[in-house]
Amino acid sequence: MATINEVQDEIIDEFEGFTDWMDKYQLIIDMGNAMPALDEKYKTPDNLIDGCQSRVWLQADYVDGKVQFQADSDAIIVKGIISMLVRVLNGRTPQEILDADLYFIDRIGLHEHLSPTRSNGLLAMVKKIMAYAVAFKATQG
């Protein structure tokens with residue numbers, strides 16, 4: 001399995017082929033569309049991420065010492081953003097997630113091309129992922 005940084009570098013490489021942000025948005029949308037659909041049973045208020053303008057659900061399960069994420073959103077760009085976070089952090093230990101420097105977000109220029117509300121939503125997604133990692137790490141005891 002590739003490391004967190006190797007997966008981030010893959011994502012950066014995928015974006016480097018595009019100079020036009022309309023093309024980059026299309027890539028983000030395509031990534032979201034490629035993500036497996038989240039089972040309706042996980043689209044609960046508990047899995048909704050606070051701080052996102054659109055609805056984003058994040059389901060996390062702790063299996064064999066690794067965190068398994070599933071996600072969905074009712075907004076196509078946001079679904080693409082959460083799909084990248086899942087791609088980078090899925091199947092990692094809680095400590096790997098907590099130690100991750102999510103540099104791909106800045107390197108692909110995402111921060112500077114998101115509206116303030118979407119930037120807040122991105123931050124909320126990362127916070128929720130980190131909160132799950134903290135909670136699962138605590139259960140390792």
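Is Lys-127 buried or exposed? The last of these close-ups of a predicted model includes the answer, but here it is up front: Lys-127 is exposed, at a relative accessible area of 57%.

**View 1. Helix 2 packs against helix 3.** Here we look at residues 21-34 (helix 2) meeting residues 76-89 (helix 3), with the two axes 7 Å apart and an angle of about 70° between them. That angle makes helix 2 roughly perpendicular to helix 3. The crossing is left-handed. On the helix 2 side, look for Tyr-25, Ile-28, Ile-29, Met-31 and Gly-32. Helix 3 answers with Ile-76, Ile-77, Lys-79, Gly-80, Ile-81, Ser-83, Met-84 and Arg-87. Sort the residues of this contact by class and you get eight nonpolar, three polar and two charged.

**View 2. Helix 1 meets helix 3.** These two axes come within 8 Å and cross at roughly 145°. Helix 1 brings Ile-4, Val-7, Gln-8, Glu-10, Ile-11, Glu-14 and Phe-15 to the contact. From helix 3 come Met-84, Arg-87, Val-88 and Leu-89. The tally for this pair of helices is seven nonpolar residues, one polar and three charged.

**View 3. Inside the largest nonpolar core.** This core holds 48 residues. Phe-69, Leu-85, Leu-102, Phe-104 and Leu-110 are the ones with the most contacts inside it. Several elements chip in two or more residues each, among them helix 1 (4-16), strand 1 (56-63), strand 2 (66-73) and helix 7 (116-140). Helices 2, 3 and 5 do so too, helix 5 being residues 104-107. As general background, nonpolar side chains tend to be buried together in soluble globular proteins.

**View 4. Zooming in on Leu-102.** Who are the neighbours of Leu-102, leaving out residues up to four places away in sequence? They are Gln-8, Leu-85, Val-88, Leu-89, Val-126 and Met-130. One of them, Leu-85, shares with Leu-102 a spot among the core residues with the most contacts. Gln-8 and Val-88 may look familiar as well, since both take part in the contact of helix 1 with helix 3.

**View 5. Asp-64 in its loop.** Asp-64 sits between strand 1 and strand 2. Its phi is positive, about 50°, even though this residue is not a glycine. For context, most residues other than glycine have a negative phi. Asp-64 counts as exposed, with 75% relative accessibility.

**View 6. Lys-127 on helix 7.** Back to the opening question: Lys-127 belongs to helix 7, and its 57% relative accessible area is over the 50% cut-off, so Lys-127 is exposed. Gly-109 is 18 residues away in sequence, and the C-alpha atoms of the pair are 20 Å apart.

Definitions and conventions. Residues are numbered from 1 along each chain as its sequence is written. This is a predicted model: local features need pLDDT of at least 70, side-chain atom pairs count only at pLDDT 80 or more; totals for chains, interfaces and linings use all residues. Side-chain values use heavy atoms; hydrogens and water are left out. Axes are lines fitted to C-alpha atoms, for helices over the stretch in contact, and angles run from 0 to 180 degrees between N-to-C directions. Helices (H or I, at least four residues) and strands (E, at least two) are DSSP runs, numbered from the N terminus. Angles under 35 degrees count as roughly parallel, over 145 as roughly antiparallel, 65 to 115 as roughly perpendicular and the rest as oblique. A crossing is left-handed if the near helix is turned anticlockwise from the far one by less than a right angle, and right-handed if clockwise. Contact means heavy atoms within 4.5 Å. Ala, Val, Leu, Ile, Met, Phe, Trp, Tyr, Cys and Pro count as nonpolar, Asp, Glu, Lys and Arg as charged, and the others, Gly among them, as polar. A nonpolar core is a set of buried Ala, Val, Leu, Ile, Met, Phe, Trp, Tyr and Cys residues joined through side-chain atoms within 4.5 Å. Buried means under 20% relative accessible area, exposed over 50%, partly exposed in between (1.4 Å probe, protein chains only).
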